[in-house]
Amino acid sequence: MQFQWDWLCLGVLLFSSVTAEIEDEEIQDADVEVEDFDKTSQETDVDKGRMSLEVVYKTPKPIGEVYFTETFDGVLTGWVLSKTKKEDTDENIAKYDGRWEVEGLKENTVPGDQGLVLKSTAKHHAISAMLTKPFIFADKPLILQYEVNFQEGIDCGGAYIKLLSSSDDLDLEYFFDKTPYTIMFGPDKCGEDYKLHFIFRHKNPKSGDYEEKHAKRPDVDFKKFYLDKKTHLYTLVLKPDDTFEMSIDQTVVSKGSLLEDFVPPVNPPQEIEDPNDKKPDDWDEKVKIPDPSAVKPDDWDEDEPAKIEDTDAVKPEGWLDDEPEYISDPNAEKPEDWDEEMDGEWEAPQIPNPKCETAPGCGKWVRPMMNNPNYKGKWKAPMIENPNYQGIWSPRKIPNPDYFEDLHPFEMTAVSAVGLELWSMTSDIYFDNFIICSEKEVADRWAADGWGMKKLVASANEPGMFSQLMTAAEDHPWLWVLYILTLALPVGLGVLFCWPAKKVDEDIDYKKPDISKSITKGELEQGGEELEDEAELEEEKQNEDDIVEEERRQVEEKKHELIKEKKKMGRKDAPSGEGEGEDKDEEEENEVAEGSQEEGDKSNKSGSEDEMKEADESAGSGDGPTKSVRKRRVRKD
């Protein structure tokens, strides 16, 4: 049975290892066209990272109706660099002169795939392009999707995109921060504030003015998307039913209603506070007031200090009153370039007095301070409920003169261009695979052909689990404790349940010649008999001792009788052998005496051993010493 358990545990361990390897292979064997590495591909440039798979990349092609697409895989056409300046900014940095390049990723490069990269730091960047056809917010959803990779992390900067509002005077060469836009969407970070913007500009139907509406911040930690140096897919979906969804890597991180989940809300309140209403002078907002009838007690002394000297304190023995706590450094030397006229008189720096290190203290001893038991502080009257309390005053409500109700904020201003207007303190922000469409299937297929390929390559190039654990432990050394405990637990359980149990050497017990013990084991194996109570055991032991003592006395008497008979028989023999006979008689007498003594000792030993046995052993072997003595006596005779 133990052998079977050993093989079962070994099989479980092998199965776990094989399963882990299969899962690792399944990650690599995704539904894409791949080819095995040949010897040449294994010697690719190390600086750009080695790929475990050679991916055949194909530029994504839209499969349905789209309003705009851009892969940056070919010649950069249709994109216009801004030539204007940012308003209300220092002249040195106001110009949009940040540099853009079209290039591949630095890490996890997909051969043939390129993107638009922001290259400058601490500069304003602005680039834009016209849509294939304007998007009109009517009865079709708007889907905006693109990829971003912060290849160097991010200190302060954004990677959001703007959908520029349609207008007759839209000129992309003069695209800047004040250019009217309809939607702004994408990641933004400065300091430790990680955001995902979704802002739309809503037109007030009464005044005609535009106001920015900001989506409420989702309860999601976006930090990892900025720091992991991976390509992430950002998707915004606006629906004609006035709802929205924001997704990262095809996982929804925020959703809600355009009417309810924006700040400030789309529709203003019906009533507002009257700006001309003022709080009356006699309005009492105090919930509690000091009790006017309270009187300070006569024994209340406000002059008592909070701390007093501890009069019971005693100066420690060995306190050095004449030694200062700090002394001038005797090894210090005045610098050669010290100018007393300019720098003043030079003084050696102060160091702790070495004599005070072994003493309880130095300098003048002062008693420590303790809390004053008589201290009460300044007396204040207790607080009571204010009988004149009127509550918190607030202005009265009046109808809002600017109130309006827009039940369909989805019907926004049409868009005809897309633009990136950014400031960043970090370079090499990578953009790729822009698409604006109305069908989810089109966006998903576009993402699979572009972002899906990057995700596959990044997964294939990721270090193994062991390497990731070691890297994490380097950043957080306390993880070593967790690793040790995690490994020790299964090993301990494996040893506990799978290791062969230590066999009890039962053969020694079976080979012992102690008959009484074997009988006891037999009785225990058959079910065991209950032990007799303590009084009966004591009585049986006493009886056994009496029997043994009686037998010893009889043996001694018999011994003496045999000796006497032997002597009588020896005297009747030849006189010449009298001396020898007496010597032999004495030797035989000694032998018999020694034999008798040995028999008595053995009998006593047997009896004492039986007394140490369990109650049933003592009861079952009570006649043993008697029989043994009798047999020995017969042999001696």
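This report walks through a buried histidine, the nonpolar cores and a surface patch in a predicted model.

Residues are numbered from 1 along each chain as its sequence is written. In this predicted model, local features need pLDDT of at least 70 and side-chain atom pairs count only at pLDDT 80 or more, while totals for chains, interfaces and linings use all residues; side-chain values use heavy atoms, leaving out hydrogens and water.

Let's start with two residues and their settings.

| Residue | Element | Relative accessible area |
|---|---|---|
| His124 | strand E7 (residues 123-135) | 6%, buried |
| Phe497 | helix H7 (residues 479-498) | 55%, exposed |

Here buried means under 20% relative accessible area and exposed over 50%, with partly exposed in between (1.4 Å probe, protein chains only). Beyond its neighbours within four places in sequence, His124 is in contact (heavy atoms within 4.5 Å) with residues including Lys86, Tyr96, Leu422 and Trp423. A polar atom of the His124 side chain lies 3.4 Å from the backbone oxygen of Ile93. The C-alpha atoms of His124 and Met425 are 9.9 Å apart, although 301 residues separate the two along the chain.

Now for the interior. A nonpolar core is a set of buried Ala, Val, Leu, Ile, Met, Phe, Trp, Tyr and Cys residues joined through side-chain atoms within 4.5 Å. The largest one has 62 residues, of which Ile183, Phe185, Phe198, Leu238 and Phe431 touch the most other members. Apart from it lies another core of eight residues, among them Ile143, Val237, Cys437 and Ala443.

On the surface, Phe497 joins Leu489, Leu493 and Leu496 in a nonpolar patch. Patch residues have over 30% relative accessible area and no salt bridge, with like charges joined within 9 Å and nonpolar side chains (Val, Leu, Ile, Met, Phe, Trp, Tyr) within 5 Å. A salt bridge is a side-chain nitrogen of Lys or Arg within 4 Å of a carboxyl oxygen of Asp or Glu.

Conventions
Accessible areas come from the Shrake-Rupley method with a 1.4 Å probe; for residues, only the protein chains shown count as cover. Helices (H or I, at least four residues) and strands (E, at least two) are DSSP runs, numbered from the N terminus. A polar contact is a pair of N or O atoms within 3.5 Å; within protein, one must be able to donate a hydrogen and the other to accept it, and residues adjacent in sequence count only if both atoms are side-chain atoms.
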